[in-house]
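Look at the model below and find its helices before reading on. The paragraphs that follow take up how some of them meet, and then turn to a few single residues.

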Amino acid sequence: MSPQVWQREIALLTRDHPWDSVMAERCFGQAVSYLITAMEKYGQHLGLGCGPLIDIAVHGFILDTVNYREFCARHFNGGFLEHTPEIEFKYDGSVMKTAHVIENNGFAVDWPLWERDGAKCTPCFPGSDCH
């Protein structure tokens, strides 16, 4: 991702949420790691899902459709990673499991961000390859 796109996403997050640039950078960095991992693990039915905090950054990126589409094309072999949220949250430990999968995929995990929602939930559809 270019520095211009990165800065744009941080600016959008700080515009739309009560975050400073440090928090926006942390959450967006984890969102990018999560999305790339979801793309690379697609089809393995791992039930990956982030918690509500990191999901804010994921949703912010999805809403910037041109940049999200280009990101998907670059990291998902020209494809597009769909977002299929579940209506009900699931409380099955998948948030922390996802953090470990991301770490095992070679990314640094910002553990306090994941642990904040770790015992709570993820809005991803159970058994899906969504994000």
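Contact here means heavy atoms within 4.5 Å. The model is a predicted one. With that meaning of contact, start at helix α2 and helix α5: Ser33, Tyr34 and Thr37 in α2 meet Thr98, Val101 and Ile102 in α5. Sorted by class, this contact of α2 with α5 has three nonpolar residues, three polar residues and no charged ones.

How are two packed helices described? The angle between their axes and the distance between the axes are used. Helix α2 covers residues 21-40 and helix α5 covers residues 94-104; their axes come within 10 Å and cross at roughly 80°. Angles of 65 to 115 degrees count as roughly perpendicular, and therefore α2 is roughly perpendicular to α5.

Helix α2 also meets helix α1, which spans residues 3-16; the axes of α1 and α2 come within 9 Å and cross at roughly 120°. This crossing angle makes α1 oblique to α2. The crossing of α1 and α2 is right-handed. Which residues make the contact? From α1 come Trp6, Gln7, Glu9, Ile10, Leu13 and Thr14, and from α2 come Ser21, Ala24, Glu25, Phe28, Gly29 and Val32. By class, the contact of α1 with α2 has six nonpolar, four polar and two charged residues.

Now return to helix α5 for a single residue, Lys97, which lies in this helix. Is Lys97 buried, partly exposed or exposed? Its relative accessible area is 40%, so Lys97 counts as partly exposed, a class that lies between under 20% for buried and over 50% for exposed. Lys97 can also be compared with Leu63: from C-alpha to C-alpha they are 26 Å apart in space, and in sequence they are 34 residues apart.

Two loop residues remain. His45 is found in the loop between α2 and α3, the latter being residues 52-63. Although His45 is not a glycine, it has a positive phi of about 50°. Its relative accessibility is 54%, so His45 counts as exposed.

Asn77 sits in the loop between α4, residues 65-75, and β1, residues 85-90. Asn77 is not a glycine either, yet it has a positive phi of about 50°. With a relative accessibility of 82%, Asn77 counts as exposed.

Technical notes: Residues are numbered from 1 along each chain as its sequence is written. This is a predicted model: local features need pLDDT of at least 70, side-chain atom pairs count only at pLDDT 80 or more; totals for chains, interfaces and linings use all residues. Side-chain values use heavy atoms; hydrogens and water are left out. Axes are lines fitted to C-alpha atoms, for helices over the stretch in contact, and angles run from 0 to 180 degrees between N-to-C directions. Helices (H or I, at least four residues) and strands (E, at least two) are DSSP runs, numbered from the N terminus. Angles under 35 degrees count as roughly parallel, over 145 as roughly antiparallel, 65 to 115 as roughly perpendicular and the rest as oblique. Ala, Val, Leu, Ile, Met, Phe, Trp, Tyr, Cys and Pro count as nonpolar, Asp, Glu, Lys and Arg as charged, and the others, Gly among them, as polar. A crossing is left-handed if the near helix is turned anticlockwise from the far one by less than a right angle, and right-handed if clockwise. Buried means under 20% relative accessible area, exposed over 50%, partly exposed in between (1.4 Å probe, protein chains only).
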